[in-house]
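Visitor: Could you take me in for a close look at one loop residue and then show me how the rest of the chain fits around that picture?

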Amino acid sequence: MAKQEASQTLKAVFGSVFRLAINLVILYLLIKLFLFAYGFAYQVFANEAYEPKNKATVTVTVNEDTSIISIAETLKKEGVIENPYAFILRYRFSKYNEELKAGTYEVGPAMKTDEILSILSAENQDNP
């Protein structure tokens, strides 16, 4: 009888520890998800420069048929922006949506997202 009670107590303890471990894993995943979502939303809405102290610039050429996805990927590859998806969403929510103009532009990582969008939306005499 004592062995049976000890066995039931041991099962109850292991069950509680297992449920606690599962809850901790779920909590950890929820916190990671929240931090990711917060960071992504901050990149979309904060309008900050990727590297404010980096004064280098790169030349970006936009053709008539260039998509915003292609532009964002190029800017990411050149080190001008951190996250192309955040850049695309910022573009879609901004006054520059559907306003990109073909041309050759100088942009850099010290520019804020709205500055880059403003440059890419402006008329440029150096059209390709």
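Guide: Sure, and one convention before we zoom in: helices (H or I, at least four residues) and strands (E, at least two) are DSSP runs, numbered from the N terminus. This is a predicted model, where local features need pLDDT of at least 70 and side-chain atom pairs count only at pLDDT 80 or more, while totals for chains, interfaces and linings use all residues. Residues are numbered from 1 along each chain as its sequence is written, and side-chain values use heavy atoms, with hydrogens and water left out.

Now to N83, which sits in the loop between α2 (68–77) and α3 (84–93). Leaving aside residues up to four places away in sequence, N83 touches F40 and Q43 (contact means heavy atoms within 4.5 Å). With Q43 there's also a side chain to side chain polar contact at 3.2 Å; that term means a pair of N or O atoms within 3.5 Å, where within protein one must be able to donate a hydrogen and the other to accept it, and residues adjacent in sequence count only if both atoms are side-chain atoms.

Stepping back, the chain has four helices and two strands, running α-β-α-α-β-α from the N terminus on. Helix α1 covers residues 2–45, and K3 is in it. K3 and L120 are 117 residues apart in sequence and 77 Å apart in space, C-alpha to C-alpha. The C-alpha trace of the whole chain spans about 95 × 30 × 20 Å along its principal axes.
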